[in-house]
Amino acid sequence: MRRLSFFLAIAAIALFAQPPVGDAPGSIAPYLPTPNIVVDEMLKAAQLKPGETLFDLGSGDGRIVIAAASKYKANAIGIELDDALAASSADRIAESGLQKTARIIHGDLLKQDYSSADVVTVYLWPEANVKVSQLLDLQLKKGARVVAHDFEMGPWKPAKTITVPDDGTGRSHTIFLYIR
Ligand SMILES: C[S@@+](CC[C@H](N)C(=O)[O-])C[C@H]1O[C@@H](n2cnc3c(N)ncnc32)[C@H](O)[C@@H]1O
């Protein structure tokens, strides 16, 4: 019995010592995927056009990047800090044959250059959005569109707010469109 308790204690320590996905050092938001129906609405709201450049800040499993490149023929770049998510999303891009127009930068989204962006998508926490809005204020070209899921971009005033009704996940979602 004592041996079993010891084993369970070691197993629990090993389990909880693993950082959850999205909790890498420097992470400013955990991993929570945007439902695909909301991804579609975000890209529609951004009026993303073929050949435009989209950045997804904290790209998770790459679903926004893949949708932007495959459905909208955009040049899509995801920035992802988490090792496993960066690797698996890059694999998904390769499996989809989208390497020419989609890629993942494995790094910190607060240390990138977004001056070429036509569209930026964001699904991060409110405090993170404040930091991102300050960075984008310095970098974005005039007319760039920023689409945020669920949380506003700090002090910015949205040009449009869209509610996506409950998609079966038990809650509705809000999309904020900004034009800089
Ligand atoms: C809420 S998820 C959004 C994922 C994806 N954009 C989507 O909408 O499905 C936030 C993502 O940001 C990533 N992340 C958090 N801090 C980051 C940082 N400093 N640099 C790059 N990625 C980061 C997390 O690992 C996570 O995958």
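Which strands does helix H4 (residues 83–95) lie across? The views below, taken from a predicted model, begin with that helix and then move through the sheet.

**View 1. Helix H4 on the sheet.** Helix H4 (residues 83–95) lies across S2 and S3. Its direction is at about 165 degrees to that of S3.

**View 2. The open sheet of 7 strands.** If you follow the sheet from one side to the other, you meet its strands in the order S3-S2-S1-S4-S5-S7-S6. The pairing is mixed, and the sheet is open. Strand S3 (102–106) and strand S6 (160–164) are the edge strands, each pairing on one side only. On average, neighbouring strands are turned by 20 degrees against each other, direction ignored. As a reminder for newcomers, strands of a sheet pair through backbone hydrogen bonds, either parallel or antiparallel.

**View 3. Strand S1 and its two partners.** Here we look at strand S1 (residues 53–57), which runs parallel to strand S2 (residues 75–80) and is joined to S2 by 5 bridges. With S4, S1 also pairs in the parallel sense, this time over 4 bridges. Look for phenylalanine 55, which stands opposite isoleucine 77 in S2. Aspartate 56 is a good landmark: glycine 78 in S2 stands opposite aspartate 56, and so does threonine 121 in S4. Is S1 mostly covered or mostly open? S1 is mostly covered, with 4 of its 5 residues buried.

**View 4. Helix H5 across three strands.** Helix H5 (residues 126–139) lies across S1, strand S4 (119–122) and strand S5 (145–149). Compared with S4, this helix runs at about 165 degrees.

**View 5. From S1 over helix H3 to S2.** Strand S1, helix H3 (residues 63–71) and strand S2 together make a β-α-β unit, and this unit is right-handed. To trace the unit, find S1, H3 and S2 in turn.

**View 6. The largest nonpolar core.** This core has 48 residues, and those that touch the most other members are Val65, Ala68, Val120, Val122 and Val146. Which helix or strand gives the most to the core? Helix H3 does, with 6 residues.

**View 7. The surroundings of valine 65.** Which residues are in contact with valine 65, leaving aside its neighbours within four places in sequence? They are Asp56, Ser59, Ala76, Ile77, Gly78, Ala102 and Ile104. Two of these names will be familiar from the pairs in View 3: Ile77 stands opposite phenylalanine 55, and Gly78 stands opposite aspartate 56.

Definitions and conventions: Residues numbered from 1 in each chain as written. Predicted model: local features only at pLDDT ≥ 70, side-chain atom pairs only at ≥ 80, totals over all residues. Pairing = 2+ DSSP bridges. Helix = DSSP H or I, 4+ residues; strand = E, 2+ residues; numbered from the N terminus. Axes fitted to C-alpha atoms, helices over the stretch in contact; angles between N-to-C directions. Contact = placed C-beta atoms within 7 Å. Buried ≥ 20, exposed ≤ 12 C-beta atoms within 10 Å, placed from the backbone. Right-handed = clockwise from strand over helix to strand, strands pointing away. Core = buried A, V, L, I, M, F, W, Y, C linked by C-beta atoms within 7 Å.
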